[in-house]
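Visitor: I would like to learn how to read cysteines and nonpolar packing in a model such as this one. Could we begin with the cysteines?

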Amino acid sequence: MPAYDFYFTRLTYESGDWDVDIRMPSNVLNSLVEYTTLKVDPVERIVALSDPKMLEAPFCYLAGHKLVQFTPAERKNFERYVKGGGFVFVDDCNHDIDGLFAKSFEAEVAKIFGAKALRKIPNNHPLYSAFFKFDGPPNTSMELNGWGDDLVHDYLKAVEFQGRIRLLYSNKDYGCEWDYDFRNKRWLAIDNTRFAVNIIQYALGA
């Protein structure tokens, strides 16, 4: 197998619906090839959160719409991965701070890391300048079109260890925002997947 600088890992979990935003990973991977010099595995890897293999991934993605209720094995690996220096991006597909996914996932985070571990990050955080420059989390069309809770969330949340984000959490539904065929990017005035490049570059230590 060729040596890669990056590969995209989607985490499955027994509760809820993990298989969302099917085209998003290939679109993000295309952007990494287009904008960076990373050697990128073009194939999305799908790994169970309960599988110890997920602990080896440089970056993990977890998303859904429904209830999140980790099994003991899933909870153990999630804690080991985050505390051990991994990076997981979790996106609420409902775009709803009071929705089932948001409430249940945040409850799991509180159970694992403590009630105050998940905090809003400032809009001048290094995440927003890891590659492209942003003044904070870019808006999504889901927010602007009134999807979910009909709010524009002007923040992201994170769990940090040793001064680095290890769990990045979004209610903005970036997964749906980036869920289109990569060839359609040419019709966008500004490529909205650029923020995904920032997230991944930050995850890799930028």
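Guide: A disulfide is taken here as a pair of cysteine sulfur atoms within 2.5 Å. This is a predicted model, and by that rule its count comes to zero disulfides.

Visitor: Why is Cys-60 not in a disulfide?

Guide: The closest cysteine sulfur to that of Cys-60 belongs to Cys-93 and lies 16 Å away, which is too far for a bond. Cys-60 itself has 0% relative accessibility and therefore counts as buried.

Visitor: And what is the nearest cysteine sulfur to Cys-176?

Guide: It is that of Cys-93, at 4.9 Å, and Cys-176 is in no disulfide. With a relative accessible area of 26%, Cys-176 is partly exposed.

Visitor: Turning to the packing, what is the general idea, and which residues have the most contacts inside the largest nonpolar core?

Guide: In soluble globular proteins, nonpolar side chains tend to be buried together. Here the largest nonpolar core holds 33 residues, and Phe-59 and Leu-168 are those with the most contacts inside it. Two or more residues each are given to this core by helix H1 (24–35), strand S3 (60–64), strand S7 (164–170) and helix H6 (194–203), with the largest share, seven residues, coming from H6.

Visitor: Which residues is Leu-168 in contact with, once its neighbours within four places in sequence are left aside?

Guide: Leu-168 is then in contact with several residues, among them Phe-87, Phe-89, Ile-121, Leu-156, Lys-157 and Ile-199. There is also a second, separate core of 26 residues, which includes Cys-60 together with Leu-49, Ala-102 and Leu-118.

Note on methods. Residues numbered from 1 in each chain as written. Predicted model: local features only at pLDDT ≥ 70, side-chain atom pairs only at ≥ 80, totals over all residues. Heavy atoms only, no water. Buried < 20%, exposed > 50% of the residue type's maximum accessible area, 1.4 Å probe, protein only. Core = buried A, V, L, I, M, F, W, Y, C linked by side-chain atoms within 4.5 Å. Helix = DSSP H or I, 4+ residues; strand = E, 2+ residues; numbered from the N terminus. Contact = heavy atoms within 4.5 Å.
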